[in-house]
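Please open the structure in a viewer and keep the selection panel at hand. The tour below proceeds stop by stop, naming what to select and what is found there.

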Amino acid sequence: MRRPATAALAATLLATGLTPVVLAAPASAAVARHYDDFNGDGHRDLAYGHAYSGVSGAGGWRGGAVTVVYGTANGLDTTRTQVIHQDSPGVPGSGEEDDWFGESLASADLDKDGYADLVVGNPAEHVGDDDYRGSVTVVWGSRSGLSGGTNVTPRSGAGGHFGHDLATGDFNGDGSPDLTVIGGGEAWLHRGPFTRSGTAGTVSRIDKTSGGWHSTGLAAGKVDGDGRTDLVVLGLEITTEAVRTRAWYLKGTSAGLSSGPSMTLTDRQGGLGPSAVVGDFDKNGYGDIALARPDKDNGKGAVTVWRGTSSGPSGSTTFTQATSGVSGTPEADDNFGYAVSAADADGDGYADLAIGVPHEDVDGREDQGGVHLLRGGSGGLSGTRSSWIPQTVLGPAASLASFGYAVRLRDLTGDGRADLAVAAVDGGLLLRGTGTTPTTTGKLPLPDLGSGFLD
């Protein structure tokens, strides 16, 4: 689930243009090896919300955009960037002043041609007289990178901020990636395969029957070890007694998604709401669900790990800044868990967890921010195997930097160690993975970063 940017961020964003993309080698006619390799050259690419989302941009667009930095054998090449928006050739629609194109992002090789495709949510899109109906656009991968696009047609009832959140995965194990979308307060499963003409498989609503359920977020990953992708839906369960924030697990089956257990996260509706990510932190073959709860305890924040088993998630452990070994002290409105991402950062085979704390005050500087990295190992995540990466890696300390409002762990160099991308108000950077903690040596500034990363 993508977390919205802070108000301080929105006031500081600027626009830039785009750099031509170098052609890659052809991909094979099979599902892309990496779900984020848009030009099929075998190297992961990085997509994130562009820094400008106002009335008009340097390239003549408005209403939001996505920056893509293409990968090479040595990692990202910031001279090979692309900016995609609704005024790009072949992309449906047109940019409007209050659009949110790029508010949510996902990717997969939806048409199974060997090139990953970018899925872009624009939940504020106006369609005819339907204000804020929202839209979801698939921008197609190709040998030359992302080009052209097709809108995903919402079902009746899905209108109303359609594209608020997105997640992809092969939920029924048939070899074709599927797409889940939040719209109208509901989650919707669009089954693959997809075609560039806009056709796809069946569409079904994912609705929890007990009590009133309002979906707010999605996370996909392999939890129970059967090879199919499972889904976590975050949302509000509304009864006559209470409004609770909950996480709901759905198991992938040959027939689609099957309802599983739920976990209550708060007994109230939080302002930020939870987010989630799946990673095998104890390397037992089952994905664990990290549930970020930045509103917990007056905004001190917490992350609860719902442990994976062969029958789905069961049992949990909660981490805060009061956990032994974790740097810092819990304070109101720190928002520990504002952003989370999971991957193996040190190459030991265990998934690690990056936790953004963008509103951490440091040495009297308000909302300076930082990132905790909790390393996996035998028994799972541990505070004693944690590192603190402060805002100062960007340079002189500053207030309102909000370093860590978005994070992403992925191996962008192919060395078996995930690199850490971190967003801040004044931009972002990429830290290379090492055998311990991602290093600031050779840190790479990320151009035009102004919002969340591709999940």
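Begin by selecting L400, which is partly exposed because its relative accessible area of 40% lies between the limits of under 20% for buried and over 50% for exposed. The model in view is a predicted one. L400 sits in the loop that connects β23 (386-390) with β24 (406-410). Display its backbone torsions: phi of L400 is near 60°, a positive value in a residue other than glycine.

A second residue with positive phi comes next. Select D333, in the loop between β19 (316-319) and β20 (339-343). Here phi is near 70°, again positive although D333 is not a glycine.

Move now to strand β2, residues 66-72. How many of its 7 residues are buried? The count is 6, so β2 is largely enclosed by the rest of the structure. Add strand β1 (residues 46-50) to the selection: 4 bridges join β1 to β2, and the two run antiparallel. To locate this pairing, pick G49, whose bridge partner in β2 is V66. Then extend the selection to strand β3 (residues 75-84), which is joined to β2 by 6 bridges, also in antiparallel fashion. For this pairing, T67 is a convenient residue to pick, with V83 as its bridge partner in β3. The connection from β2 to β3 is a hairpin through 2 residues. As background, strands of a sheet pair through backbone hydrogen bonds, either parallel or antiparallel.

The next stop is an open sheet. Select its 4 strands, which follow the order β8-β9-β10-β11 with antiparallel pairing. Which strands stand at the edges? They are β8 (166-169) and β11 (203-206); each has a single partner strand, so one side of each is left without a neighbour in the sheet. Looking across the sheet, one finds neighbouring strands turned by 25° against each other on average, direction ignored.

Within this sheet, concentrate on β8 and strand β9 (residues 178-183), which run antiparallel and are joined by 4 bridges. Selecting T168 together with L179 shows one bridge pair, with L179 as the partner in β9.

Finish in the loop between β10 (186-190) and β11, where P193 is found. Which residues does the cis peptide bond here join? It links G192 and P193, with omega about 0°.

Definitions and conventions: Residues numbered from 1 in each chain as written. Predicted model: local features only at pLDDT ≥ 70, side-chain atom pairs only at ≥ 80, totals over all residues. Heavy atoms only, no water. Pairing = 2+ DSSP bridges. Axes fitted to C-alpha atoms, helices over the stretch in contact; angles between N-to-C directions. Buried < 20%, exposed > 50% of the residue type's maximum accessible area, 1.4 Å probe, protein only.
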